[in-house]
Each structure stands twice: as structure tokens, then as C-alpha cells.
Amino acid sequence: MLKRLKGLFQKPQALPTADEERSLTLDRDIQTLRLELSERDQQITNLKQELERQRTSENTRISAAVQTQIEQLLTDTAAPVTQLLTQTHLLEVEGKPIQAKDVLAVAKRLIRTLEDNGLTLNCSVGETVPFDPNYHDALSTSASLTPGTTVAVKFAGISYQGKVIRKAGVAPCQDA
């Protein structure tokens, strides 16, 4: 009964107005958006960390692959290099004569090994070809060569995987 009397004498609770309801709804929406934004920020941070881990892992993998290729190349060239060093020692230190054909055989073996690993020789020494400034360098600055002029190759050109790394050294042909 006491509750009933209190209820009669108390001010009735006012119902929230439309503006108050809208304000409460907006406050609730703001709080929800703050939580979503916080979750997205955390997700972005996590994704950035994962991306950095992947980059590091990929760089490590690439470095290992390159190291393996270099090691294979050096392994393939080790025998001819040691033979050249031995020939140099025999000639320079021990004074023993070395046959030029023996040195050339080792050099050819070394070149073959490099070719097996992607090196390409462009033009042969003594070959006559039309001058192409993309693949040839004039050995003499006094010779003015125009594209298409017949030239003699004095030094072979070298490329690797389609990229010219050393242009062939050429000179104008004597009969031109």
C-alpha cells in the first residue's frame, strides 16, 4: 500500500521526447561506429604486420635462391678456374712452359660453362656484319659508322637473358 501511495504522490516519469530519443540513438550509433573503427584499425595493423612478415619471408626466399644459383655457377666454373691458376703457377713460379692450346682448352671449357648458365656470345671474332649501334661499339673514334655499314667483329659481344651486357667491338671493313 505504501508503494501505491508513493506512486500517487510522485511526479509521473516523463516520456522521452523525440529529440532525446534521437540523441540517444545517435549516441548509440556513435559508440557502435567507434567500436567498428577500432576493430578496423586493429585489423589494418594486423594486415600490415602480416604483409611485412610475407615480404621478409619472400626476400629471404629470393636471397636463398640467388645464393643457390651463384653457388652452382661457381661450382661449375671451379674446375676450369683452378686449372688456369695451376697453369699460371707452372709458367710464372716454376718456369715450366705451357702449351697455348692447353690454356685455350681450359678457357673454352670455362666459356662453355658460362654459356650453360645463360651467357650468350653475340657475333664471332672475324665475322662481318652490318653495323647496329645497339649491339656494336666502334673500336676507333675516328671511324664514323652508320647503321647498316659492313663492319668486322674484333671482340665478341656478350648478352645475358636477352640483355646486352657487352657490345661487340667492331671496325670498318678494309674493302668498304
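A residue is called buried when its relative accessible area is under 20%. The legends below use this term for a predicted model.

**Figure 1. Overview of the protein chain, which contains three helices and seven strands.** Read along the sequence, the elements follow the pattern α-α-α-β-β-β-β-β-β-β. The protein chain has 176 residues, and buried residues make up 12% of them. About 14,500 Å² of the chain is exposed, and carbon and sulfur atoms supply 56% of that area. Among contacts between residues at least 6 apart in sequence, 51% join residues at least 24 apart.

**Figure 2. Helix 2 and its kink at A78.** Helix 2 covers residues 18–92. At 1.5 Å a residue, the 75 residues of this helix should span 111 Å, and the 104 Å between its end C-alpha atoms agrees with that expectation. The kink at A78 is of about 45 degrees and lies shortly before the proline P80. The buried residues of helix 2 are T77, P80 and Q87.

**Figure 3. The packing of helix 2 against helix 3.** The partner of the buried residues of helix 2 is helix 3, which comprises residues 100–116. P80 is one of these buried residues. The C-alpha atoms of P80 and A107 are 7.3 Å apart in space, although the two residues are 27 apart in sequence. A107 belongs to helix 3. With a relative accessibility of 26%, A107 counts as partly exposed.

**Figure 4. The surroundings of Q87 in helix 2.** Q87 has a relative accessible area of 13%, so this residue is classed as buried. When its neighbours within four places in sequence are left aside, Q87 is in contact with I98, D102, V103 and V106. For D102, the view also shows a polar atom of the Q87 side chain at 3.4 Å from the backbone oxygen of D102.

**Figure 5. S159 in strand 5.** S159 is buried, because its relative accessible area is 7%. The side chain of S159 is joined to that of N122 by a polar contact of 3.4 Å. Beyond its neighbours within four places in sequence, S159 is in contact with G118, L119, T120, N122, V164 and I165. N122 therefore appears both in this list of contacts and in the polar contact, for which the N or O atoms must lie within 3.5 Å.

**Figure 6. C123 in the loop between strand 1 and strand 2.** The two flanking strands comprise residues 119–122 and 128–130. C123 is not a glycine, yet its phi is positive, at about 70 degrees. The relative accessible area of C123 is 23%, so the residue is partly exposed.

**Figure 7. Q161 in the loop between strand 5 and strand 6.** Strand 5 consists of residues 157–160, and strand 6 of residues 163–166. Q161 has a phi near 50 degrees, a positive value in a residue other than glycine. Its relative accessibility of 67% makes Q161 an exposed residue.

**Figure 8. P133 in the loop between strand 2 and strand 3.** Strand 3, which follows this loop, comprises residues 136–138. P133 is partly exposed, since its relative accessible area is 36%. Its contacts, leaving aside neighbours within four places in sequence, are with P147 and K167. P147 lies 14 residues from P133 along the chain, and the C-alpha atoms of the two are separated by 6.8 Å.

**Figure 9. The cysteines C123 and C173, compared by burial.** A disulfide is a covalent bond between the sulfur atoms of two cysteines. A search of the whole structure finds zero disulfides. C173 is buried, because its relative accessible area is 11%, whereas C123 is partly exposed at 23%.

Key
Residues numbered from 1 in each chain as written. Predicted model: local features only at pLDDT ≥ 70, side-chain atom pairs only at ≥ 80, totals over all residues. Heavy atoms only, no water. Helix = DSSP H or I, 4+ residues; strand = E, 2+ residues; numbered from the N terminus. Buried < 20%, exposed > 50% of the residue type's maximum accessible area, 1.4 Å probe, protein only. Polar contact = N/O pair within 3.5 Å; in protein donor to acceptor, adjacent residues only side chain to side chain. Contact = heavy atoms within 4.5 Å. Disulfide = S-S within 2.5 Å. Areas by Shrake-Rupley, 256 points an atom, 1.4 Å probe, with all protein chains shown as cover. Expected span 1.5 Å × (residues − 1). Bend = angle between axes of the 7 residues up to and from the residue.
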